[in-house]
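Trainee: Could you take me through this protein chain with the sequence and the coordinates side by side?

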Amino acid sequence: MSNAKLPKSVDPFRLAEQNAGLEGYIPLSALGRFFDCILGPAASDAADQCVVSLSFGMDDERRRIVSGRLRAEVVLECQRCLKPMAAILTSNFRLGLVTSDEQALQLPNELEPFQTENFDADIWTMVEDELLLVLPSFPLHERSDCQATDVLESFERDPEAPEPEAEKRENPFDVLADLKKPRH
Ligand SMILES: [Zn+2]
């Protein structure tokens, strides 16, 4: 775990000219759009962190570049059993610094644009965008860890098999149906 917080805004153009590097963490709870998509940070100590390492510079074409790595330990909701599952999100990314849509369109395919109008760029939002890109849209436990695996396997063995007993519990709406029955 890194113990320095990543600065929230920087002048990326100056950093690129200096070939500078930045390392630090961002509290996950400060990244609201991302935080709303996860159950929470991992339970381990000081895990409410996205650890980030960025390097700024120029490529051979004299384009200004930010390349970076990130890592965050989070808890997601398994979409099979709907129970929490731990996940480690990592990403390596490489962005071209641009100031306009026209410049963004001129970037080669391998570079995603990081567009900023001024010299006070919000790099927390940049990192948040990268986190959202690596967030699985349909997270699933490994089968051996998933509480829904037994149900799934019995279903796979015999697709015609009756539903497990738990599913047959009395449906509260049956009571309503009884109440609605006309009494003679
Ligand atoms: Zn599961």
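The exchange below goes from the overall layout to the core, a helix and some single residues.

Mentor: Before we start, note that this is a predicted model, in which local features need pLDDT of at least 70 and side-chain atom pairs count only at pLDDT 80 or more, while totals for chains, interfaces and linings use all residues. Residues are numbered from 1 along each chain as its sequence is written.

Trainee: How many helices and strands are there in the protein chain?

Mentor: Helices (H or I, at least four residues) and strands (E, at least two) are DSSP runs, numbered from the N terminus. From that terminus on, the elements are ordered β-α-β-α-β-β-β-β-α-β-β-α-α-α. The totals are 6 helices and 8 strands.

Trainee: What percentage of the 184 residues of the protein chain count as buried?

Mentor: A residue is buried if 20 or more other C-beta atoms lie within 10 Å of its own, exposed if 12 or fewer, and partly exposed in between, with C-beta atoms placed from the backbone. By that criterion, the buried part of the 184 residues is 21%.

Trainee: Which strand supplies the largest share of the largest nonpolar core?

Mentor: A nonpolar core is a set of buried Ala, Val, Leu, Ile, Met, Phe, Trp, Tyr and Cys residues joined through C-beta atoms within 7 Å. The largest one has 29 residues, and those with the most contacts inside it are Ile26, Cys50, Val52, Ala72, Val127 and Leu131. At least two residues each come from β2 (21-27), β4 (49-58), β5 (64-77), β6 (84-98) and α4 (123-134). The largest share, 5 residues, is supplied by β5.

Trainee: Which residues does Val127 touch, leaving out those up to four places away in sequence?

Mentor: Val127 is among the buried residues of α4, as are Ile123, Met126, Glu128, Glu130 and Leu131. The helix α4 has 12 residues and reaches 17 Å from first to last C-alpha, close to the 16 Å expected at 1.5 Å a residue, where the expected span is 1.5 Å times one less than the number of residues. With contact defined as C-beta atoms, placed from the backbone, within 7 Å, Val127 touches Ile26, Cys50, Val52 and Leu70.

Trainee: What is the bridge partner of Val51 in β5?

Mentor: Two strands pair if DSSP finds at least two bridges between them, and β2 and β4 do so in the antiparallel sense over 7 bridges, with Leu22 opposite Leu54. The strands β4 and β5 also run antiparallel, joined by 9 bridges. Within β5, the partner of Val51 is Arg71.

Trainee: Is Arg62 buried or exposed?

Mentor: Arg62 is found in the loop between β4 and β5, a hairpin with 5 residues between the strands. Its phi is positive, about 65°, although Arg62 is not a glycine. Because Arg62 has 7 other C-beta atoms within 10 Å, the residue is classed as exposed.

Trainee: Why does Leu82 count as exposed?

Mentor: Leu82 is found in the loop between β5 and β6, and this residue has a positive phi of about 65° although it is not a glycine. Leu82 counts as exposed because its C-beta neighbours inside 10 Å number 9.

Trainee: Which residues does Arg94 touch, not counting those up to four places away in sequence?

Mentor: Arg94 has its place in strand β6 and is partly exposed, with 14 other C-beta atoms within 10 Å. Although Arg94 and Leu54 are 40 residues apart in sequence, their C-alpha atoms are 9.5 Å apart in space. The residues that Arg94 touches are Ile65, Ser67 and Leu111.

Notes
Two residues are in contact if their C-beta atoms, placed from the backbone, lie within 7 Å.
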